[in-house]
Amino acid sequence: MLHNITVFLAHWAIIAISLWLTSFLFHGISFTSKKSLLISALLLGFANAVIRPAVIVLTIPLTLITFGFFLLVINALMMLLVSTLVPGFKISGFWTAFFASIVVTIISIFAGMLIFPSEDTLLNVPAVPAPQGIMI
């Protein structure tokens, strides 16, 4: 039980730190307080875990037609949804949310790889065994 809470808090911190760093890179993203940052990170994690999969299932044909690029639009829409729900979190427009969601994803992936090292990561390249001598 304690392990699950620790993992949840670590993921929440990763999202919060990635949102905070992204707000420095994009002038169209701002937080009025630490509270709004933490609530935004919590709601973004919830939206990505609950709402995003439902939207992905509903938009499978559009995702297939665009070769998966529509998933980037869905990520941006999740950020815009959170910014409308949290009073202290502002995003200036769709394109800011679009590119910021890419940056948040990249930062979150690398931070997650540092905090939760695993053999089953997305960017794990399996080792190729060294070739042995040719047998005749």
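The following exercises, each with a worked solution, concern a predicted model.

Residues are numbered from 1 along each chain as its sequence is written, and side-chain values use heavy atoms, with hydrogens and water left out. Local features need pLDDT of at least 70 and side-chain atom pairs count only at pLDDT 80 or more, whereas totals for chains, interfaces and linings use all residues.

**Exercise 1. Aromatic pairs**

Task: Classify the ring pair of Phe8 and Trp12, and state where both residues lie.

Solution:
1. Rings of Phe, Tyr and Trp (its six-membered ring) pair if their centres lie within 6.5 Å; planes under 30 degrees apart count as stacked, over 60 as edge-to-face and the rest as tilted.
2. The structure holds eight aromatic pairs. In the pair of Phe8 and Trp12, the ring centres are 6.0 Å apart and the planes stand at 35°, so the pair is tilted.
3. Helices (H or I, at least four residues) and strands (E, at least two) are DSSP runs, numbered from the N terminus. Both Phe8 and Trp12 belong to helix 1 (residues 2–25), where they are four residues apart, about one turn of the helix.
4. Buried means under 20% relative accessible area, exposed over 50%, and partly exposed in between (1.4 Å probe, protein chains only). Phe8, at 45%, is partly exposed; Trp12, at 26%, is partly exposed.

Task: Classify the pair of Phe98 and Phe99, and name the cluster that contains both residues.

Solution:
1. The centres of Phe98 and Phe99 are 5.1 Å apart with 90° between the planes, an edge-to-face pair.
2. Phe98 is buried at 12% relative accessible area, while Phe99 is partly exposed at 42%.
3. Phe94, Trp95, Phe98 and Phe99 are linked by ring pairs into a cluster.

**Exercise 2. A nonpolar patch**

Task: Identify the residues of the nonpolar surface patch and the helix that gives the most to it.

Solution:
1. Patches are made of residues with over 30% relative accessible area and no salt bridge (a side-chain nitrogen of Lys or Arg within 4 Å of a carboxyl oxygen of Asp or Glu). Like charges are joined within 9 Å, and nonpolar side chains (Val, Leu, Ile, Met, Phe, Trp, Tyr) within 5 Å. Accessible areas come from the Shrake-Rupley method with a 1.4 Å probe; for residues, only the protein chains shown count as cover.
2. Met1, Ile5, Phe8, Leu9 and Leu42 make a patch of about 520 Å².
3. Helix 1 gives the most, with three residues. Ile5 is found in this helix and is partly exposed at 40% relative accessibility.

**Exercise 3. Two serines and a proline**

Task: Describe the surroundings of Ser83 and Ser36, and the separation of Ser36 from Pro87.

Solution:
1. A polar contact is a pair of N or O atoms within 3.5 Å; within protein, one must be able to donate a hydrogen and the other to accept it, and residues adjacent in sequence count only if both atoms are side-chain atoms. Contact means heavy atoms within 4.5 Å.
2. Ser83 lies in helix 4 (residues 70–85) and is buried at 11% relative accessibility. Its side chain reaches the backbone oxygen of Leu80 at 2.8 Å. Not counting residues up to four places away in sequence, Ser83 touches Phe89 and Ile91.
3. Ser36 lies in helix 2 (residues 34–58) and is buried at 5%. The side chain of Ser36 reaches the backbone oxygen of Ser33 at 2.8 Å. Leaving aside neighbours within four places in sequence, Ser36 is in contact with Phe31, Val86, Gly88 and Phe89.
4. Pro87 lies in the loop between helix 4 and strand 2 (89–91) and is exposed at 68%. The C-alpha atoms of Pro87 and Ser36 are separated by 7.2 Å, although the residues are 51 apart along the chain.
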